[in-house]
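Biologist: Please select one part of this model for a close look. I would then like it set in the context of the rest of the chain.

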Amino acid sequence: MKRFYIIGFLILMSFDTLSQISFKYASTQALPLELSPDWLMRLFLNPWLYGAIAGYLGAFVTWMTLLRYAPVGPSFAASHLELISVTLFSVWLFNEPLNAYKILGGVLILLGVLCLAKDEKDDEDEAEAAPVRAGE
């Protein structure tokens with residue numbers, strides 16, 4: 001089951017990252033912003049827009065599947081790991097700066113996910129060790 005969680009959250013992170021990066025590309029290629037038929041045509045013919053939609057649909061299906069089996073607390077925290085991957089891809093693809101605040105934020109997100117996962121594991125171990133009383 002642990003492998004299911006790891007693979008599932010990697011897939012979720014990939015879909016979320018795809019949608020965010022695709023939106024960034026779509027928005028930069030839709031410039032200049034203007035309410036005109038030409039702009040709408042440029043927007044709807046942009047393949048990155050459809051990459052973003054595919055990413056959101058994939059993330060939704062993956063998230064719903066994970067929520068069937070994974071505990072909600074750690075799942076919710078782990079679902080935010082894409083913030084780290086999007087930041088790293090943005091540095092690489094869009095030459096955005098990587099500063100101390102972004103690094104600290106990424107470290108705090110990872111620590112939060114690890115703390116919630118450990119807490120969930122401790123709760124499971126505690127529940128397994130608890131004696132079963134008659135009549136329950």
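Modeller: Arg 42 has its place in helix H2 (residues 37-44), where helices are DSSP runs of H or I of at least four residues, strands are runs of E of at least two, and both are numbered from the N terminus. The model is predicted: local features need pLDDT of at least 70, side-chain atom pairs count only at pLDDT 80 or more, and totals for chains, interfaces and linings use all residues. Residues are numbered from 1 along each chain as its sequence is written, and side-chain values use heavy atoms, with hydrogens and water left out.

With a relative accessible area of 29%, Arg 42 is partly exposed; buried means under 20%, exposed means over 50%, and partly exposed lies in between, for a 1.4 Å probe and protein chains only. Once neighbours within four places in sequence are left aside, Arg 42 is in contact with Gln 29, Ala 30, Leu 31 and Pro 32, contact being heavy atoms within 4.5 Å. The C-alpha atom of Arg 42 is 9.7 Å from that of Ala 26, a residue 16 positions away along the chain.

Two of these contact partners, Leu 31 and Pro 32, are joined by a cis peptide bond with omega near -5 degrees. Pro 32 belongs to the loop between H1 and H2. A second backbone feature occurs at Asn 95, where phi is near 55 degrees, a positive value in a residue other than glycine. Most residues other than glycine have a negative phi, and most peptide bonds are trans. Asn 95 lies in the loop between H5 and H6 and is exposed, with a relative accessible area of 67%.

The loop between H5 and H6 also takes part in a charged pair. Lys 24 and Glu 96 meet through their side chains in a salt bridge of 3.2 Å, N to O, the term requiring a side-chain nitrogen of Lys or Arg within 4 Å of a carboxyl oxygen of Asp or Glu. Because Lys 24 lies in helix H1 (residues 2-29) and Glu 96 in the loop between helix H5 (82-94) and helix H6 (100-129), the pair ties together parts that are 72 residues apart in sequence. Both partners are partly exposed, Lys 24 at 32% relative accessibility and Glu 96 at 25%. The structure holds 1 salt bridge.

Two acidic residues are buried without such a partner. Asp 16, in helix H1, has Lys 24 as its nearest side chain of opposite charge, 18 Å away; here Lys and Arg count as positive and Asp and Glu as negative, while His and the chain ends are not counted. Glu 82, in helix H5, is likewise buried with no salt bridge, and its nearest opposite charge, Lys 102, is 15 Å away. Asp 16 and Glu 82 are in contact with each other, and Asp 16 also contacts Ala 59 and Ser 79. The further contacts of Glu 82 are Met 13 and Thr 17.

Ala 59 leads to the largest nonpolar core, whose 9 residues are Phe 9, Leu 12, Ala 59, Trp 63, Leu 66, Ala 77, Ala 78, Leu 81 and Val 113. Such a core is a set of buried Ala, Val, Leu, Ile, Met, Phe, Trp, Tyr and Cys residues joined through side-chain atoms within 4.5 Å. H1, helix H3 (47-69) and helix H4 (72-78) each give two or more residues to this core, and H3 gives the most, with 3. Among the residues that Trp 63 touches are Phe 9, Leu 12 and Phe 76.

On the surface, Leu 88, Leu 98, Ile 103, Leu 104, Val 107, Leu 108, Leu 111 and Leu 114 make a nonpolar patch of about 750 Å². Patches are made of residues with over 30% relative accessible area and no salt bridge, with like charges joined within 9 Å and nonpolar side chains (Val, Leu, Ile, Met, Phe, Trp, Tyr) within 5 Å; the areas come from the Shrake-Rupley method with a 1.4 Å probe, and for residues only the protein chains shown count as cover. H6 gives the most to this patch, with 6 residues. Leu 108 of helix H6 is exposed at 51% relative accessible area.

For the chain overall, there are 6 helices and 0 strands. Buried residues make up 28% of the 136 residues.
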